[in-house]
Amino acid sequence: MVGGAGGDFILGSRGQDIVIAGTTNSDLTVVRDVWTSSLRFSDRIDQLREKISSNDDGVRDLLFGGFGRDLVQKNPFDVEIDGWFGELLS
Ligand SMILES: [Ca+2]
Ligand SMILES: [Ca+2]
């Protein structure tokens with residue numbers, strides 16, 4: 001899920017989600033292919049670390065991945081509501 005420009009409240013699902021607060025230049029097809037692959041969570045994170053970005057939109061986004069291990073890409077003003085299993089790249 002990509003919030004894009006402006007303030008967002010992003011609510012994930014029960015499964016594993018990618019939450020991007022701002023705009024992104026990432027190739028989302030590549031990101032999806034890695035995320036839905038059979039690789040382990042940690043290996044997917046390692047692969048996505050260089051493939052995923054979130055451009056700061058300068059406003060506060062509220063990010064909630066919900067249940068499951070999620071990948072949350074936030075910027076300085078943003079707030080991640082659940083950090084239990086979240087993997088922060090930013
Ligand atoms: Ca945003
Ligand atoms: Ca989730």
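1. Let's start with Asp 70, which sits in the loop between strand 3 and strand 4. Asp 70 has 24 other C-beta atoms within 10 Å, so this loop residue counts as buried. Bear in mind that this is a predicted model. One long distance to have on hand: Asp 70 and Gly 58 lie 12 residues apart in sequence, yet their C-alpha atoms are 23 Å apart in space.

2. On confidence, the average pLDDT over the chain is 88, and 90% of the residues reach at least 70. Helix 1 has the highest confidence, at 95, while strand 6 (residues 87–88) has the lowest, with a mean of 54. Where pLDDT is low, the predicted coordinates should not be read in detail. I'd keep that in mind when looking at strand 6, given its mean of 54.

3. Now the overall layout. There are 2 helices and 6 strands in the chain. Reading from the N terminus, the elements come in the order β-β-α-α-β-β-β-β. The C-alpha trace spans about 35 × 25 × 15 Å along its principal axes. As for the radius of gyration, the chain has 12 Å, and a compact globule with 90 residues would be near 12 Å, so the two agree. Buried residues make up 28% of the 90 in the chain. Of the contacts between residues at least 6 apart in sequence, 47% join residues at least 24 apart.

4. Next, the sheet. Three strands form an open sheet in the order 1-3-5, and the pairing is parallel. The edges are taken by strand 1 (9–11) and strand 5 (79–80); each has a single partner strand, so one side of each has no neighbour in the sheet. Strand 1 pairs with strand 3 (residues 62–64) in the parallel sense, over 3 bridges. Within that stretch, Phe 9 is opposite Leu 62 of strand 3.

5. Which residues make up the largest nonpolar core? It has 10 of them: Ile 10, Ile 18, Val 19, Ile 20, Ala 21, Val 31, Ile 52, Leu 63, Leu 71 and Val 72. Two elements, strand 2 (18–20) and strand 4 (71–73), give two or more residues each to this core. Strand 2 has the largest share, with 3 residues.

6. Two core members are worth a click. Leu 63 is in contact with Ile 10, Val 19, Ala 21 and Val 72, and also with Lys 74, Asp 78, Val 79, Glu 80 and Ile 81, once its neighbours within four places in sequence are left aside. Val 72 belongs to strand 4. Val 72 counts as buried because it has 26 C-beta neighbours inside 10 Å. Val 72 and Ala 21 are 51 residues apart in sequence, but the C-alpha to C-alpha distance is 8.0 Å.

7. Then there are the glycines, beginning with Gly 22 in the loop between strand 2 and helix 1 (28–35). Is Gly 22 buried or exposed? Gly 22 counts as buried, because 24 C-beta neighbours lie inside 10 Å. Setting aside residues up to four places away in sequence, Gly 22 touches Gly 3, Gly 4, Ser 54, Asn 55, Asp 56, Asp 57 and Asn 75. For the last of these, Asn 75, the separation along the chain is 53 residues, and the C-alpha atoms are 7.6 Å from those of Gly 22.

8. Gly 3 is the partner to look at from the other end of that contact. Gly 3 lies in the segment before strand 1. Gly 3 is buried too, because it has 25 other C-beta atoms within 10 Å. Besides Gly 22, Gly 3 touches Asp 8, Ile 10, Ile 20, Ala 21 and Asp 61, again not counting residues up to four places away in sequence. Gly 3 and Ser 54 are 51 residues apart along the chain, with 9.5 Å between their C-alpha atoms.

Notes:
Residues are numbered from 1 along each chain as its sequence is written. Chains are lettered from A and ligands numbered from 1 in the order in which they are written. This is a predicted model: local features need pLDDT of at least 70, side-chain atom pairs count only at pLDDT 80 or more; totals for chains, interfaces and linings use all residues. A nonpolar core is a set of buried Ala, Val, Leu, Ile, Met, Phe, Trp, Tyr and Cys residues joined through C-beta atoms within 7 Å. A residue is buried if 20 or more other C-beta atoms lie within 10 Å of its own, exposed if 12 or fewer, and partly exposed in between; C-beta atoms are placed from the backbone. Helices (H or I, at least four residues) and strands (E, at least two) are DSSP runs, numbered from the N terminus. Two residues are in contact if their C-beta atoms, placed from the backbone, lie within 7 Å. Two strands pair if DSSP finds at least two bridges between them. pLDDT is the predictor's confidence in each residue, from 0 to 100. The radius of gyration is taken over C-alpha atoms; the globule rule is 2.2 Å times the number of residues to the power 0.38.
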